[in-house]
Amino acid sequence: MLVVTHRKLFYILSGVLVAVSVIALAFWGLKPGIDFKGGSLLEITYPDGRPEKTEVENALAPLEVSASVRPTRENGYIIRMKDLGEPEQARVREAVSFTGTRKTVEERFDSVGPLLGREAAGKSFIAIALVILCIVLFITFASRKVSEPVSSWKYGIITIVALLHDVLVPAGVFAVLGHYGGIEVDTLFVTALLVVLGFSVHDTIVVFDRVRENLRVSREARDRKEFETIVGESITQTFVRSINTSLTTVIALIVLYIVGPEVTRHFSLALIIGIVAGTYSSIFIGSPLLVTVEKWQNRKS
């Protein structure tokens, strides 16, 4: 009952997080990676020990390729650049080897054209929108037998509110990281958001399903429990399960973030932020909103 009783405090906290995220997205936006804007990516290692980052940046500066150099592993760098042709790629390879004076191993050299990048961005937005739509339809269908006192379609609307919270918070964090740390988003970031949506709705369904079951039991027993009490009991009954499920996942992701490869680091970070936000919204936002909606209905009637 603590969550339901103090629900306004949790609404305020979420409102602040969402507002800050929206402001960050409006002013700075997400910094698109080569998957979306097009460009080239070179991952290179130095078997005999990598040079300083500034040395690599200085070697690439005369080529004017808009290079962004990031360390990876113990002896390598990931270099993001504008879209390069074959002659420019050859000059980049020569520059990072310091005209052949340093031994290098090219791990990968990927190029994505701007047209493919725009197509990937468009399909990413469509994928997120379709996932949210399908989730809402499923929640509405699953809650069809508990239309009292809150209509089943309102369960779906509340789910949308929670899911928007779960998408905006990690997106806002990455907008800030992109502005101050130069962190770019790619298709792995979109994948992380889709995973977060699935994870979040899983927790939401668990609580909503318990609400549905407790409503049925209350109706059959004719004990006339208030809806607020039933929702509070449902949250209490599922609280430990939701926390434990999310905590074990987040611990694994933290380990992956610390010891995993550079290419999955931002992916892991997006999942950590999103899963924490999703677990919070399922317990402290989605379920209490059922009570708020029910009380609004009572005032109108």
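In this predicted model, Ser97 touches Arg102 and Thr104, if residues up to four places away in sequence are not counted. Ser97 itself lies in the loop between α5, which spans residues 86–96, and β4, which spans residues 105–112. Although it belongs to a loop, Ser97 is buried, because its relative accessible area is 11% and buried means under 20%.

From this loop one can step back to helix α5 and look at its partner, helix α4, which is made of residues 53–60. The axes of α4 and α5 come within 9 Å and cross at roughly 145 degrees, and the crossing is right-handed. On the side of α4 the contact is made by Val56, Ala59 and Leu60, while α5 brings Val92, Ala95 and Val96 to it. When the residues of this contact are divided by character, 6 are nonpolar, and there are no polar and no charged ones.

A second pair of helices can be followed further along the chain, where helix α8 (residues 187–221) packs against helix α9 (residues 227–259) at an angle of about 150 degrees, with the two axes 9 Å apart. Angles over 145 degrees count as roughly antiparallel, and α8 and α9 are therefore roughly antiparallel to each other. In passing α9, helix α8 makes a right-handed crossing. The residues of the contact of α8 with α9 divide into 9 nonpolar, 10 polar and 4 charged.

The helices can next be considered together with the nonpolar cores. In soluble globular proteins, nonpolar side chains tend to be buried together. In this model the largest nonpolar core has 52 residues, and of these Tyr155, Phe174, Phe227 and Leu290 touch the most other members. At least two residues of this core come from each of α1 (2–5), α6 (114–142), α7 (152–181), α8, α9 and α10 (265–300), and α10 gives the most, with 16 residues.

Which residues does Phe227 touch, when those up to four places away in sequence are not counted? They are Pro149, Val150, Tyr155, Val211, Leu215, Leu290, Val291 and Glu294, and two of these, Tyr155 and Leu290, were named above, together with Phe227, among the core residues that touch the most other members. Apart from the largest core lies another core, which has 16 residues, and among them are Val65, Tyr77, Phe98 and Phe109.

How values were computed: Residues are numbered from 1 along each chain as its sequence is written. This is a predicted model: local features need pLDDT of at least 70, side-chain atom pairs count only at pLDDT 80 or more; totals for chains, interfaces and linings use all residues. Side-chain values use heavy atoms; hydrogens and water are left out. Axes are lines fitted to C-alpha atoms, for helices over the stretch in contact, and angles run from 0 to 180 degrees between N-to-C directions. Helices (H or I, at least four residues) and strands (E, at least two) are DSSP runs, numbered from the N terminus. Angles under 35 degrees count as roughly parallel, over 145 as roughly antiparallel, 65 to 115 as roughly perpendicular and the rest as oblique. A crossing is left-handed if the near helix is turned anticlockwise from the far one by less than a right angle, and right-handed if clockwise. Ala, Val, Leu, Ile, Met, Phe, Trp, Tyr, Cys and Pro count as nonpolar, Asp, Glu, Lys and Arg as charged, and the others, Gly among them, as polar. A nonpolar core is a set of buried Ala, Val, Leu, Ile, Met, Phe, Trp, Tyr and Cys residues joined through side-chain atoms within 4.5 Å. Buried means under 20% relative accessible area, exposed over 50%, partly exposed in between (1.4 Å probe, protein chains only). Contact means heavy atoms within 4.5 Å.
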